[in-house]
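Me: I am new to reading protein models and would like to learn how the labels are earned. Could you go through some with me?
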Amino acid sequence: ALEGKVEVLHASLTEHKSKAAMYDKLKEEKHQIEEKCSRLEQDNLVLNVSAKSSAEEAQEAKHRTAELEQQVELLRQDKMYLAKEGEGLKETIADLRLERNRFRDKIEKL
């Protein structure tokens with residue numbers, strides 16, 4: 001009878017040690033998972049900051065592009081205006097040369 005109790009106690013102790021070892025193993029795994037989760041949360045924070053910064057940079061670039069496009073349009077308009085003015089000046093110069101030549105002709109006849 002005593003031998004049977006010893007066997008039962010031995011079996012119970014072995015089961016308890018097995019459960020304790022499994023508990024320790026699960027506790028360690030839980031700790032590792034918590035550390036990994038913490039690292040992932042930190043990585044997520046960094047990525048969120050980076051994404052926000054990238055979005056702000058993209059918005060600034062979009063705004064700057066719109067400003068540059070507006071400046072290009074103004075320069076194109078200025079170029080067209082100056083081209084017309086240049087043509088007008090060429091005509092004026094040609095007219096003045098004709099006038100000068102007429103005066104020279106009149107002076108030579110005098």
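Me: Why does Lys-19 count as exposed?
Reply: Happy to help! This is a predicted model. Lys-19 has a relative accessibility of 55%, and exposed means over 50%, so Lys-19 counts as exposed.

Me: And what makes Glu-15 partly exposed?
Reply: Glu-15 is at 45% relative accessibility. Buried would need a value under 20%, and exposed one over 50%, so Glu-15 falls in between and is partly exposed.

Me: How do you know that Glu-15 and Lys-19 meet in a salt bridge?
Reply: Their side chains come to 3.2 Å, N to O. The cut-off is within 4 Å, so the pair qualifies. Both residues lie in helix H1, four residues apart, which is about one turn of the helix.

Me: Why is the contact of Lys-90 with Glu-87 called a salt bridge?
Reply: The closest N and O atoms are 3.7 Å apart. That is within the 4 Å limit, so the name applies. Lys-90 and Glu-87 are three residues apart in helix H1, about one helical turn. Lys-90 is exposed at 54%, while Glu-87 is partly exposed at 44%.

Me: What makes Arg-76 and Glu-73 a salt bridge?
Reply: Here the closest N and O atoms are 2.5 Å apart, again within 4 Å, so this pair counts too. Arg-76, at 39%, is partly exposed, and so is Glu-73, at 30%.

Me: How do you know that the protein is not a compact globule?
Reply: A compact globule of 110 residues would have a radius of gyration near 13 Å, but this protein has 47 Å. The C-alpha trace spans about 160 × 15 × 10 Å, and the secondary structure comes to one helix and zero strands.

Definitions and conventions:
Residues are numbered from 1 along each chain as its sequence is written. This is a predicted model: local features need pLDDT of at least 70, side-chain atom pairs count only at pLDDT 80 or more; totals for chains, interfaces and linings use all residues. Side-chain values use heavy atoms; hydrogens and water are left out. Helices (H or I, at least four residues) and strands (E, at least two) are DSSP runs, numbered from the N terminus. The radius of gyration is taken over C-alpha atoms; the globule rule is 2.2 Å times the number of residues to the power 0.38. Buried means under 20% relative accessible area, exposed over 50%, partly exposed in between (1.4 Å probe, protein chains only).
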